[in-house]
Number of protein chains: 2
Amino acid sequence: MSRNRQVIVRELPKGALTRDHFELRAADMPTVGAGEALVRTILMSIDAANRAWMQGATYREAVQAGDVMHTYAIGEVVEANDDGLKPGDLVAVESRWADYVAVNARRAQKLPDIRPLSHLLSVYGIAGKTAYHGLVGVGRPSAGETVVVSAAAGSVGMYVGQIAKALGCRAVGIAGGPEKCAWVTDALGFDACVDYRAGNLFKDLKSACPDGVDIYFDNVGGPVLETVLFQMNEKGRVVCCGAVSQYDADAPTGPRNLPGLVVVKRLRMEGFIVMDFADQDEKAQADLAAWVRDGRLTVVDDIVDGLEHAPGALIGLLAGDNRGKRMVRVAPDPA
Amino acid sequence: MSRNRQVIVRELPKGALTRDHFELRAADMPTVGAGEALVRTILMSIDAANRAWMQGATYREAVQAGDVMHTYAIGEVVEANDDGLKPGDLVAVESRWADYVAVNARRAQKLPDIRPLSHLLSVYGIAGKTAYHGLVGVGRPSAGETVVVSAAAGSVGMYVGQIAKALGCRAVGIAGGPEKCAWVTDALGFDACVDYRAGNLFKDLKSACPDGVDIYFDNVGGPVLETVLFQMNEKGRVVCCGAVSQYDADAPTGPRNLPGLVVVKRLRMEGFIVMDFADQDEKAQADLAAWVRDGRLTVVDDIVDGLEHAPGALIGLLAGDNRGKRMVRVAPDPA
């Protein structure tokens with residue numbers, strides 16, 4: 001069995017996250033206590049929320065300086081001190097940036113036999129479910145409405161627009177750069193995609209949304225949210241999924257039209273996590289799988305190879321260089 | 001019949017509203033066209049929203065320079081060119097700051113026989129209904145929850161806290177100055193009231209809300225909203241009723257923790273107007289009247305006498321000098 005490696009958070013970032021905040025180090029194999037399992041990491045999910053975990057406790061414990069960096073991952077059970085798991089089982093776990101981790105066996109979720117495994121982190125994972133539950137459960141779209149989503153080329157945004165289309169809505173993305181925007185319309189089939197870096201977001205969004213915005217699925221917060229709020233229709237809904245523009249900032253700025261426009265336009269802004277809609281998970285899975293089968297959902301995964309590249313993969317994600325769900329492959333699929 | 005007077009908006013304010021933005025002038029009696037009624041103004045409602053109307057179109061048309069200032073008012077029909085109304089009828093109308101106005105008879109709402117008439121603008125009017133529908137319909141409180149309301153001594157806030165108490169919640173007000181806070185607890189029966197001018201809002205609110213905040217009924221926006229957001233419980237609700245701190249400002253500021261805390265605490269922030277809950281008006285009226293009868297709701301109206309004092313009444317309201325629903329009495333109750 002190969003030697004273990006871990007990526008440590010040397011210190012917590014105050015401003016922008018850099019490679020210096022991390023350190024790759026050799027480590028002993030974890031000892032496996034009673035009720036625990038030794039898991040070999042296959043794929044680690046890389047998410048903007050990882051950066052938020054470094055800002056303090058959110059819906060989960062905070063990342064502390066000195067921690068092996070936290071992550072959500074898929075792995076293979078190598079050894080199990082628990083009746084519920086056996087070597088060879090594929091599981092999803094709250095894990096760390098490491099080749100091997102010891103985890104509480106009860107908290108490991110056994111995975112269905114779906115290939116490629118990466119789809120379990122993207123369309124059938126938290127990304128796809130966040131898009132589905134956020135749009136369907138929080139946004140509650142009607143056919144014919146206009147749905148705008150920021151970070152449209154990202155892991156969640158790419159599904160939000162495609163699900164909106166599947167439900168008969170007009171889907172408009174916001175993304176950074178002309179190439180990414182072209183990919184969002186051409187590869188993913190959005191009706192339009194606006195490049196916020198072009199410097200005319202208000203005007204360009206207005207052209208893309210001639211009937212105003214009914215639902216804004218917000219992954220970024222900040223000035224983009226401020227701009228979209230001005231174009232919301234009465235009784236519009238803002239699905240608050242993330243504020244990636246703020247996670248990596250020293251001094252966050254709030255949209256100056258909040259709460260004013262929520263009052264005058266009678267908007268609803270609502271946050272959520274996928275667990276809030278656990279009772280709808282089966283329907284979500286069935287709908288997503290049906291749409292993948294009939295070609296209405298295009299799945300594109302953004303896979304970076306090598307544990308040692310995890311810091312760069314996260315830093316790049318925060319700068320917006322991913323297309324689709326980003327993950328780091330630490331080991332190949334054993335199948 | 002006496003000569004008519006009107007208060008004109010000479011120019012729209014850019015920053016703070018002052019008396020110079022208004023001018024009292026003598027005017028002819030309005031001519032009454034077909035389908036119209038001549039109404040003698042009795043009571044004019046003075047609201048923070050009046051100032052927002054000067055910033056542009058909201059849920060209603062904007063006030064323009066040169067307009068006779070817009071208002072919602074109670075008056076007596078003097079002359080009617082319409083079968084639906086007759087002289088002596090008491091009506092509520094979208095009106096102007098004037099002794100006499102000609103209004104579309106179809107839009108005039110005949111009033112029930114309730115005295116004093118001022119209660120029709122306060123507890124049974126838009127103020128009371130805004131408090132009721134906002135708290136009950138948008139906030140959806142459960143007994144035992146903590147409800148915080150800003151502008152707690154104001155026309156809406158004073159009922160929000162009292163209704164919260166009637167529904168078994170803990171009611172905590174935020175108001176400006178120790179006298180006003182004492183009035184909110186002593187006269188209105190709130191469990192606590194925090195003076196935001198004392199400079200320790202975060203700490204003082206935390207002491208007043210040891211179990212966190214489940215519902216925040218926000219009348220002010222700005223830094224007070226920012227402070228309360230930090231103390232919201234998960235799945236908390238922010239009832240967005242007004243942003244009075246921003247109406248009279250040149251450069252509004254947005255809470256820096258938006259939308260971040262909506263995401264991590266899974267909050268719901270929602271705006272509304274009373275018309276959204278028209279189907280619940282009968283129940284609201286019945287509940288409010290029952291609570292007034294059994295003493296759970298204390299009604300205090302803040303009445304300024306004289307049309308010529310309307311500008312000062314509005315300017316003072318924006319500075320927070322009212323206690324309860326402010327209105328201007330232009331003529332006595334004819335009864």
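Start by selecting V39(B), which you'll find in strand β3 (residues 36–45) of chain B. This is a predicted model, so keep that in mind as you click around. Is V39(B) buried or exposed? It counts as buried, because 31 other C-beta atoms lie within 10 Å of its own and 20 or more is enough to qualify. Now show its contacts beyond four places in sequence: V39(B) touches G75(B), E76(B), V77(B), V78(B), V91(B), V93(B), Y100(B), V101(B) and V103(B). For a sense of scale, pick G128(B) as well: it sits 89 residues from V39(B) along the chain, and their C-alpha atoms are separated by 24 Å.

Stay in chain B and select residues 281–293, which make up helix α9. This helix has 13 residues and reaches 18 Å from its first C-alpha to its last, close to the 18 Å expected at 1.5 Å a residue. Colour A284(B), L288(B) and W291(B), the buried residues of α9(B). Why do they end up on the same side of α9(B)? Because they cover an arc of only 65° around the axis. The pattern fits a general rule: an α-helix has 3.6 residues a turn, so residues three or four places apart point the same way. Swing round to the other side of α9(B), where E282(B), A286(B), A290(B) and R293(B) are exposed. To see what covers the buried residues of α9(B), show α2 (126–139) and α3 (157–166) of chain B, which are included in that cover. Just after the helix, click on G295(B), whose phi is positive, near 85°.

Hop over to chain A for another helix, α4 (residues 178–186). Its buried residues are K180(A), C181(A), W183(A) and V184(A). They cover an arc of only 160° around the axis, and that places them on the same side of α4(A). Turn to the other side of α4(A) to find P178(A), E179(A) and D186(A) exposed. Add β9 (170–175) and β10 (192–195) of chain A to the view, since the buried residues of α4(A) pack against them.

V184(A) also leads to the next stop, A152(A), which has V184(A) among its contacts. Leaving aside neighbours within four places in sequence, the rest of the A152(A) list is G157(A), M158(A), G161(A), G173(A), I174(A), A175(A), F190(A) and C193(A). Which residues touch the most other members of the largest nonpolar core? Among its 229 residues, they are A37(A), A152(A) and A152(B).

Next, colour chain A by domain. The assignment gives domain 1 (4–122 + 299–329) and domain 2 (126–293). Their C-alpha centres lie 27 Å apart, and the contact takes 21 residues from domain 1 and 18 residues from domain 2. On the domain 1 side, select α1 (48–53) and β15 (325–329), which each supply at least two residues. The biggest giver on that side is α1(A), with four residues.

Finally, zoom out to both chains. Chain A can be laid on chain B with an RMSD of 0.1 Å, using a turn of 179° and a shift of 0.0 Å along the axis. The two copies are therefore related as by a two-fold rotation axis. To find that axis from chain A, select G254(A): its C-alpha is the nearest one in the chain, 2.2 Å away. The same surface serves both copies, with 100% of the contact residues of chain A recurring in chain B.

Definitions and conventions:
Residues numbered from 1 in each chain as written. Chains lettered and ligands numbered in written order. Predicted model: local features only at pLDDT ≥ 70, side-chain atom pairs only at ≥ 80, totals over all residues. Least-squares fit on C-alpha atoms with pLDDT ≥ 70 in both. Contact = placed C-beta atoms within 7 Å. Core = buried A, V, L, I, M, F, W, Y, C linked by C-beta atoms within 7 Å. Buried ≥ 20, exposed ≤ 12 C-beta atoms within 10 Å, placed from the backbone. Expected span 1.5 Å × (residues − 1). Arc of directions from axis to C-beta. Domains from an automatic or database assignment.
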